[in-house]
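Okay, thanks everyone, I'll keep this short. Let me put the structure up and then talk you through it.

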Amino acid sequence: MHTENIKNAITCKNVSYAYPDGTPALNDINIKIQNGEKVAVIGPNGAGKSTLLLLLNGIKHGSGTIKIFNYNLEEKSFRNIITLVGLVFQNPDDQLFCPRIYDDVAFGPLNLRLPESEIDKRVTEALEDVGLEGYEQRSSLHLSYGERKLAAIASILSLKPQLIAMDDPTSNLDPLHRRKIIRWLQQSVLTCVVTSHDLDMIVETCQSVFLLNRGQIVAYGLVEDVLRDKKLLEANDLELPLKWQI
Amino acid sequence: MISKLKFQLTDFIKELDPRALLLFYVLFIAIVLIQNPLKQKIIVGVFTLIFLLMLFSGYPLSQYIKRLLAIYPMIFFVTIMLPLTDTSNTGEIFISILGTKIYKTGLDSFIILNIKMLFIFALSLLITKICGTFRLLKSLESLNFPVWIISILLYMRHLFYLLSSEQSRIQTAFHARYRYLPIIKRINVLRGISIVFLTRTIERSDRIYTAMLSKGFSGKIPNTIKTNWRISDTLFSCGFVLYFWVILYAY
């Protein structure tokens with residue numbers, strides 16, 4: 001799927017979503033994210049950040065239109081959506097459920113019914129990309145939390161998505177693995193949408209940021225502008241990144 | 001030399017094809033369940049077989065014993081009413097305690113059923129230890145078991161693993177905070193915790209399913225483990241058939 005010449009990676013128009021019990025989660029979201037851009041979605045707990053990611057991946061469906069690289073999400077089959085958008089969950093244990101790391105990373109390509117040689121190649125590349133070469137035969141149960149997070153990312157990279165959405169990728173990580181994920185985000189050429197409370201990580205990796213609160217977009221702009229606005233952040237139960245507090 | 005032999009036997013057992021072990025398991029259950037009454041020679045023969053397999057499985061015996069001791073209370077409580085029933089209507093009473101009659105036939109049934117279930121659990125434990133859940137499920141796949149059943153079993157295995165970590169965390173928190181409360185209050189707290197645990201189970205299972213969908217799950221959890229039937233598997237299969245024949249009919 002060639003997306004290099006497409007300007008907008010994500011276009012959301014009037015997107016709303018309510019939980020089955022009627023609780024509104026997102027209200028009239030309008031977003032445009034450019035191809036190759038790295039965007040952060042920040043906000044207090046319960047703002048709707050994770051729900052937005054689930055809508056982008058096609059797992060949940062709300063009202064409004066979501067286009068991923070000019071493809072209308074509703075019109076695409078689920079199989080095609082996963083090759084467009086890869087979603088990395090906050091808890092890697094939810095996403096690693098096979099006997100070995102090789103199986104978890106090969107899970108996506110196997111479900112796409114790719115030839116064995118292609119699957120092997122994708123697994124090797126994905127693990128190299130996250131720095132887990134040689135981990136193929138290991139069980140995810142025997143890895144540290146940080147390594148499991150990297151393995152979860154690899155399991156999505158093997159699908160070769162055009163866009164990767166990550167839900168709080170640096171939460172509960174030690175400094176070493178946090179740094180590895182930051183480095184990966186900095187070096188990646190994919191369009192990335194990252195939700196996080198780690199504002200320092202966002203400063204290092206993302207170009208622009210959406211501030212979400214109570215299901216609505218409160219602010220949007222460059223990282224430098226939004227994350228230096230102390231009043232705006234405090235009004236939305238956030239605070240300045242640590243590096244800018246001093 | 002004995003250590004070398006032990007290592008060789010351990011390697012032999014660990015490298016067995018899961019299908020050979022499944023075949024052994026099915027035959028074993030058939031023999032143990034069908035036999036009524038359970039003759040002494042069969043009990044000794046089966047016990048010896050399980051003991052030897054456990055000894056050469058590469059895992060400490062103490063691990064098996066601990067797991068069996070953990071499972072046994074469940075077996076006991078499931079069969080506890082049997083001694084109070086006269087299963088063959090002979091009316092023969094073994095003992096009467098405070099007016100409660102314990103029948104001989106009921107007691108015999110209780111003992112035999114406990115032994116059978118212990119054997120079956122011991123072998124189940126042994127087989128999952130030797131070849132692992134995933135290789136076993138892979139062998140079911142090669143035996144043309146419905147794919148959806150295998151996917152559900154794999155999913156349940158992962159869910160069970162996550163929930164047992166969750167349960168041990170809840171248990172630790174419970175002990176830290178509520179250990180010194182009176183028993184009635186502890187039961188009340190446990191009731192609340194059970195409801196929370198049930199809710200988390202549902203949420204967790206939904207999240208795992210959502211994660212599977214996000215990776216392109218299409219109804220089958222692909223398993224890349226390769227199984228290979230070799231001469232050693234044929235030898236093992238013939239060996240256990242011969243062994244069972246000996247303990248059933250030879251003397």
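I'll go through how the two chains meet, and then how chain B is split up.

Just so we're all clear, this is a predicted model. So, how many residues are in contact across the interface? On the chain B side there are 24, and they touch 30 residues of chain A. Put the two chains together and about 2,300 Å² gets buried between them, with carbon and sulfur atoms giving 64% of that area.

Now for the charged pairs, since I know some of you will ask. The rule picks up three salt bridges between chain B and chain A. One of them joins Asp94(A) to Arg207(B), and the closest N and O atoms there sit 3.0 Å apart. For polar contacts, we get four residue pairs across the interface, with both partners at pLDDT 80 or more.

Which parts of chain B do the touching? Look at helix 6, residues 147-178, and helix 7, residues 183-214: each supplies at least two residues of the side facing chain A. Helix 7 of chain B gives the most, with eight residues. If you sort that side of chain B by class, you get 11 nonpolar residues, seven polar and six charged.

Last bit, the layout of chain B. Domain 1 comes in two stretches, 1-131 and 228-251, while domain 2 covers 145-220. And how far apart do the two domains lie? Going by their C-alpha centres, domain 1 and domain 2 of chain B are 30 Å apart.

That's my bit, happy to scroll around if anyone wants another look.

Terms used: Residues numbered from 1 in each chain as written. Chains lettered and ligands numbered in written order. Predicted model: local features only at pLDDT ≥ 70, side-chain atom pairs only at ≥ 80, totals over all residues. Heavy atoms only, no water. Contact = heavy atoms within 4.5 Å. Buried area = accessible area lost by both parts, 1.4 Å probe. Salt bridge = Lys/Arg side-chain N within 4 Å of Asp/Glu carboxyl O. Polar contact = N/O pair within 3.5 Å; in protein donor to acceptor, adjacent residues only side chain to side chain. Helix = DSSP H or I, 4+ residues; strand = E, 2+ residues; numbered from the N terminus. Nonpolar A, V, L, I, M, F, W, Y, C, P; charged D, E, K, R; others polar. Domains from an automatic or database assignment.
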